[in-house]
Amino acid sequence: MVSFSQQTYAARGEAHSHPVAKELFAIMERKQSNLSLAADVSTKSELLALADKVGPYICVLKTHIDVISDFDQDLVAQLQALAAKHDFLIFEDRKFADIGNTVKLQYGGGVYRIADWAHITNCHVIPGEGIIQGLAEVGVPKGRGLLLLAEMSSKGMLATGAYTDKNVEMAVRNEFVIGFIGSKRFTEERDLITMTPGVGLHAAGDALGQQYRTPELIVTENGSDIIIVGRGIYGAGKDPVVEAKRYRDAGWAAYLNRLGKQ
Ligand code: 6AU
């Protein structure tokens, strides 16, 4: 069988059985973008302005909704409107990490009601497989998808070796899981999408342990599918539209190079 990383996003979308993965691949193909924006700004107006400006160039808007100081339900309504206007999915980077019963409450309820608006969210599997089952009880009826944090981008991270392998095993056997946060393609057993943070064209890292690698390394060499870029796009002194186009083009070129490499 041809490796998933040698197949087009379009073909993978057509073959996929999960509605979120299907939609995501279709968007990537339509917009020729494998770029996700990590929109780590701290107010509602900044988030909406950034999502509106950069929206045309991304396939996924990644949020940390709990850092927005003036969060309200209207923000969610406006984000959903922008997702429809610009044709992107919303990924709430919540990194759930508790027992199944607790994450059900955190995912479906509370102030944020994440499952009502985020197409995708993610979790650590530290508590065991019950976390996936708990999140699935809320997310599956709403047609949502989950990513497992199989690896992290930061210096000294502990998600390695046997722990990463366990993530892959759990992902393969849980239909609700559509992929991973990690640095590479992990398995050919089924088509699981890898999204990679810690991508930068210029900086090597930050003062708090973040490490940056290039789209070429991540997508062409490692077979990851989506690059997640934050400060490389909206950081101090940058024009987010110019940078988003730059990363979109670099990510797509890396994908085309991968397809060309037999
Ligand atoms: O490009 P940056 O460094 O400005 O932002 C990277 C974004 C941040 C992190 O919370 C997130 O990616 N992230 C994640 C995710 C996506 O789960 C995992 C990880 O290992 N490293 C990482 O930076 O919003």
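**Exercise 1. Ligand contacts**

How far does a polar side-chain atom of K62 lie from an oxygen atom of the ligand? Describe the surroundings of the ligand in this predicted model.

Solution.
- Step 1. The distance between the polar side-chain atom of K62 and the ligand oxygen is 2.8 Å. A polar contact requires N or O atoms within 3.5 Å.
- Step 2. On the side chain of S153, an N or O atom lies 2.7 Å from a nitrogen atom of the ligand.
- Step 3. R231 takes part through its backbone: one of its backbone N or O atoms is 2.8 Å from an oxygen atom of the ligand.
- Step 4. The protein covers 92% of the 510 Å² of accessible area that the ligand has on its own.
- Step 5. The shell holds 18 residues, and the closest are D40, K62, S153, Y212 and R231.
- Step 6. As for location, the ligand occupies the largest pocket. Two or more residues of the shell come from each of β3 and β8 (226-229).

**Exercise 2. Aromatic pairs**

Classify the ring pairs Y9–W252 and F180–F186, and place the first pair in the fold.

Solution.
- Step 1. The model contains 7 aromatic pairs.
- Step 2. For Y9 and W252, the centres are 5.7 Å apart and the planes make an angle of 50°. Stacked needs under 30 degrees and edge-to-face over 60, so a pair in between is tilted. Y9 and W252 are therefore a tilted pair.
- Step 3. Y9 belongs to helix α1 (residues 9-15) and W252 to helix α10 (residues 240-260), so the pair ties together parts that are 243 residues apart in sequence.
- Step 4. Both Y9 and W252 are buried.
- Step 5. The ring centres of F180 and F186 are 5.0 Å apart with planes at 65°, so this pair is edge-to-face. F180 and F186 are both buried as well.
- Step 6. Y9 and W252 also join F25 and Y255 in one aromatic cluster.

**Exercise 3. Positive phi**

Where do K95 and R113 lie, and are they buried or partly exposed?

Solution.
- Step 1. K95 has phi near 45°, a positive value in a residue other than glycine. R113 likewise has phi near 45°.
- Step 2. K95 is part of strand β3 (residues 89-96). R113 is in the loop between α5 (100-108) and β4 (120-123).
- Step 3. Buried means under 20% relative accessible area and exposed over 50%. K95 has 26% relative accessibility, so K95 counts as partly exposed. R113 has 39%, so R113 counts as partly exposed too.

Terms used. Residues are numbered from 1 along each chain as its sequence is written. This is a predicted model: local features need pLDDT of at least 70, side-chain atom pairs count only at pLDDT 80 or more; totals for chains, interfaces and linings use all residues. Side-chain values use heavy atoms; hydrogens and water are left out. Rings of Phe, Tyr and Trp (its six-membered ring) pair if their centres lie within 6.5 Å; planes under 30 degrees apart count as stacked, over 60 as edge-to-face and the rest as tilted. Helices (H or I, at least four residues) and strands (E, at least two) are DSSP runs, numbered from the N terminus. Buried means under 20% relative accessible area, exposed over 50%, partly exposed in between (1.4 Å probe, protein chains only). A residue is near a molecule or strand if one of its heavy atoms lies within 4 Å of it. A polar contact is a pair of N or O atoms within 3.5 Å; within protein, one must be able to donate a hydrogen and the other to accept it, and residues adjacent in sequence count only if both atoms are side-chain atoms. Accessible areas come from the Shrake-Rupley method with a 1.4 Å probe; for residues, only the protein chains shown count as cover. On a 1 Å grid over the protein atoms alone, a cavity is a set of points where a 1.4 Å probe fits but cannot get out, and a pocket is an open set with protein on both sides within 12 Å along at least five of seven lines; lining residues have an atom within 4 Å of a point. A molecule sits in a cavity or pocket if more than half of its atoms lie within 2 Å of its grid points.
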